[in-house]
Amino acid sequence: MPTVAFQGVRGAYSEEAIYQFFGSDVETLPCQSFQGIFEAVESREADYGMQPIENSTAGSINRAYDLLQSHDLRVWGEVILRVRHALLAPEGMTLAEVERVRSQPEALAQCKRYLHNHGWSSETTYDTAGGARDLAAEPESGVASIASRLAGQLYDLKELDYGIEDSPNNYTRFFILSLDDPPRAQRSKTSLVFASRHQPGALYECLGEFSKRYVNLSKLESRPRPGRPWQYSFFLDFDGHCQDPECEAALMGLLRRSSFVKLLGSYPAATTPTLDEQD
């Protein structure tokens, strides 16, 4: 039975992603920080780490990219989780009795229209699942929490409503981290980080190595290089495996034109769930 590390407390959306990918026959290991995920895998306390990398509405998680650049773990796989928010309350409370709703700021923002339509005030907590756990431990009159359905089940809270997010197209993409490379998949994706030389046309020439071989780029994002003010690294995803002939040739061309390249991993590409698959 594998052990998978994640950031947060039990009931976090990262834990939902673990169960979505690995099934119920898995051990989960809560960590206090993203750094803790990397350390748990590096020390072999966990077999894998479930690291959120970007959200379809909030964008990329910069701290995750910085850790990928400074650590040597491999991207073993990816998970795309449709984020469904639940309105949770202590047993006995009804929807009509709700006056205030607590959750992490991003979750509150993703349910802003729903909260406004009900006329409820909002209060921030440090964590979605942590807020649900604390409410279960110390119930307050008129107070509900926004968290995952899993959190409600774990902490015996009543689910007053479900799917309350304003946008149904709310997805979080996760990287599964490991010390090892995954088995070759029929449909693969590759992630890497590189830096171009500081000269005109350098980035254009780097990306041209993929274009002229018809390798599709699915993501390109810049991040400041640690310890090098005003210099930038580029995180890139492309369709295919690094050992595919055209992809391997593109990588060799990139190595010739860039100042450094770090391959993060080639892994099975995930499919975005449809809107009715996780209802």
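Me: Which residue just after α2 takes a positive phi?
Reply: In this predicted model, the place to look is just after helix α2. The phi there is about 65°. The residue is arginine 44.

Me: Which residues of helix α2 are buried?
Reply: Helix α2 covers residues 34-42. A residue counts as buried when its relative accessible area is under 20%. In α2 the buried ones are Phe34, Gly36, Ile37, Phe38, Ala40 and Val41.

Me: What covers the buried residues of α2?
Reply: Phe34 and Ile37 are among the buried residues of this helix. Their cover, taken with that of the other buried residues of α2, includes both strands and a helix. The list includes β1 (3-7), β2 (27-31), β3, α3 and β11.

Me: Is glutamate 42 buried, partly exposed or exposed?
Reply: Glutamate 42 lies in helix α2. Its relative accessible area is 35%. Buried means under 20% and exposed means over 50%, so a glutamate 42 at 35% is partly exposed.

Me: Which residues does glutamate 42 touch, not counting residues up to four places away in sequence?
Reply: One of them is leucine 179, which is 137 residues apart from glutamate 42 in sequence. In space the two are 6.9 Å apart, C-alpha to C-alpha. With residues up to four places away left out, glutamate 42 touches His71, Asp72, Leu73 and Leu179.

Me: In what order do the four strands of the open sheet stand?
Reply: The edge strands, each pairing on one side only, are β13 (217-224) and β15 (258-268). The pairing in the sheet is antiparallel. Neighbouring strands are turned by 15° against each other on average, direction ignored. The order is β13-β14-β12-β15.

Me: Which residue in β14 stands opposite threonine 190?
Reply: Strands β12 and β14 run antiparallel. Six bridges join them. Opposite threonine 190, in β14, stands phenylalanine 238.

Me: At what angle does helix α3 run to β13?
Reply: Helix α3 is made of residues 62-70. It lies across β12, β13, β14 and β15. Its angle to β13 is about 85°.

Me: At what angle does α9 run to β15?
Reply: Helix α9 spans residues 245-257. It lies across β12, β14 and β15. The angle between α9 and β15 is about 155°.

Me: Is histidine 241 buried or exposed?
Reply: Histidine 241 lies in the loop between β14 and α9. Beyond four places away in sequence, it touches Arg184, Ser188, Thr190, Cys247 and Ser266. Its relative accessible area is 9%, and the cut-off for buried is under 20%, so histidine 241 is buried.

Me: Which element gives the largest share of the lining of the largest cavity?
Reply: The count of cavities of 30 Å³ or more comes to one, and the volume of the largest is about 30 Å³. Two elements, β12 (188-196) and β14 (232-239), give two or more residues to its lining. The largest share is three residues, and the element that gives it is β14.

Me: How many residues of each class line the largest cavity?
Reply: The lining consists of Tyr65, Phe175, Ser191, Leu192, Lys219, Phe235, Leu236, Asp237 and Leu264. Lys and Asp count as charged, whereas Leu, Phe and Tyr count as nonpolar. By class the lining has six nonpolar, one polar and two charged residues.

Me: Which element gives the largest share of the lining of the largest pocket?
Reply: The largest pocket holds about 700 Å³ of space. Of the 28 residues that line it, the closest to its centre are Gln7, Phe34, Pro52, Gln104 and Glu106. At least two lining residues come from each of α1 (13-22), β3 (48-55), β4 (59-60), α4 (105-110) and β11 (171-178). The largest share, three residues, comes from α4.

Me: Which elements give two or more residues to the lining of the second largest pocket?
Reply: The volume of this pocket is about 220 Å³. Among the residues that line it are Ala195, Ser196, Tyr232 and Phe234. By class its lining divides into four nonpolar, four polar and two charged residues. The elements that give two or more are β12 and β14.

Notes. Residues are numbered from 1 along each chain as its sequence is written. This is a predicted model: local features need pLDDT of at least 70, side-chain atom pairs count only at pLDDT 80 or more; totals for chains, interfaces and linings use all residues. Side-chain values use heavy atoms; hydrogens and water are left out. On a 1 Å grid over the protein atoms alone, a cavity is a set of points where a 1.4 Å probe fits but cannot get out, and a pocket is an open set with protein on both sides within 12 Å along at least five of seven lines; lining residues have an atom within 4 Å of a point. Grid points are joined across faces, edges and corners, and a volume is the space filled by probe spheres set on the points. Buried means under 20% relative accessible area, exposed over 50%, partly exposed in between (1.4 Å probe, protein chains only). Contact means heavy atoms within 4.5 Å. Two strands pair if DSSP finds at least two bridges between them. Axes are lines fitted to C-alpha atoms, for helices over the stretch in contact, and angles run from 0 to 180 degrees between N-to-C directions.
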